[in-house]
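Reader: Before we begin, may I ask for an account of the terms used for this model?
Author: Certainly; the structure comes first, and the terms follow.

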Amino acid sequence: MQPELEIYSQTERLYQAAAERISQILELQLRSKEIATFVLTGGNTPKPVYEFLVTAPQRSRLDWDRIHFFWGDERCVPPDHPDSNFGMAWKALLSRINVTPSHIHRITSEFQNSEIAAFDYEREIRKVLPGSGIPSFDLVLLGMGEDGHTASLFPGTEWNEERLVVVNYVQKLDAKRITMTPRLLNEARTIIFLLVGRRKAKALSGVLEDSTSDYPAKRIRPSKGRLIWMIDSSAASLLKSSSRQITE
Ligand code: 6PG
């Protein structure tokens with residue numbers, strides 16, 4: 001399926017539209033299934049979106065206690081560390097809704113060897129989404145860095161393509177990250193990329209319009225699901241004018 005592109009002239013409106021879209025997708029899933037699965041992303045961009053999710057009408061429309069929350073990647077820090085992706089989502093979203101504690105599936109990288117944490121996370125995912133194939137999340141949120149990384153799949157890093165969750169050593173950060181792999185992410189029913197700001201424009205045009213580029217975000221191509229890029233006009237500024245149609 002071709003990626004869908006939504007360009008917003010006002011960043012604030014993009015955040016709001018993303019929150020509306022997320023709640024519609026989850027609501028639809030919960031109409032036909034007992035639970036829905038939602039993979040959260042780190043970084044700064046999703047924070048205002050999480051905050052919109054806890055305001056009306058999204059907050060009251062959803063049965064939050066039937067949603068299982070996962071993380072696409074995590075830094076190897078305790079949950080109350082300012083860099084923790086879980087910590088950010090907890091403050092902005094999870095602590096403010098009626099979530100079932102056992103439905104919060106965070107990557108517990110601080111307790112143990114990170115390789116073990118990655119294996120444990122694969123096991124945790126399969127426990128919630130059992131079956132012999134690759135688990136399929138209902139909704140995955142992703143961001144992208146200006147170097148084209150997404151989740152913790154950074155340029156120049158290599159990961160085992162067979163795995164669902166891996167430890168990635170990122171040289172430029174001199175740090176290990178735990179991340180879902182494209183093999184797992186690409187099984188999702190819907191993937192939404194959230195992108196704002198001029199500094200992301202070059203990587204975005206490379207991912208969407210340059211067939212020779214090899215940005216890691218290019219590896220995100222759902223096998224059956226939808227891929228939606230929700231971006232602001234600054235991030236879209238280097239796209240070909242034919243793709244730069246403003247949505248709102
Ligand atoms: C993380 C991420 C990462 C992030 C991008 C964009 O843990 O940092 O999951 O992939 O989404 O770096 O981050 P910003 O939204 O802060 O630009």
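Author: By class, the lining of the largest pocket comprises nine nonpolar, 11 polar and 10 charged residues. The model is predicted, so local features need pLDDT of at least 70 and side-chain atom pairs pLDDT 80 or more, while totals for chains, interfaces and linings use all residues. Residues are numbered from 1 along each chain as its sequence is written, and side-chain values use heavy atoms, without hydrogens and water.

Reader: What makes a residue of this lining nonpolar, polar or charged?
Author: Ala, Val, Leu, Ile, Met, Phe, Trp, Tyr, Cys and Pro count as nonpolar, Asp, Glu, Lys and Arg as charged, and the others, Gly among them, as polar. Of the 30 lining residues, the closest to the pocket's centre are Gly42, Gly43, Asn44, Arg75 and His149; Gly42 therefore counts as polar and Arg75 as charged.

Reader: Which helices and strands each supply at least two residues of this lining?
Author: They are α2 (46–53), β4 and α4 (85–92). Helices are DSSP runs of H or I with at least four residues, strands runs of E with at least two, numbered from the N terminus.

Reader: Why are β6 and β7 said to pair?
Author: Two strands pair if DSSP finds at least two bridges between them. β6 and β7 (residues 175–180) have six bridges, in the antiparallel sense, and therefore meet this definition. Tyrosine 169 stands opposite lysine 176 in β7.

Reader: What is the order of the strands in the open sheet?
Author: The order of the three strands is β4-β7-β6, with antiparallel pairing. The edge strands, β4 (73–75) and β6 (165–170), each pair on one side only.

Key:
1 Å grid on protein atoms, 1.4 Å probe; cavity = no way out; pocket = protein on both sides within 12 Å on 5 of 7 lines; lining within 4 Å.
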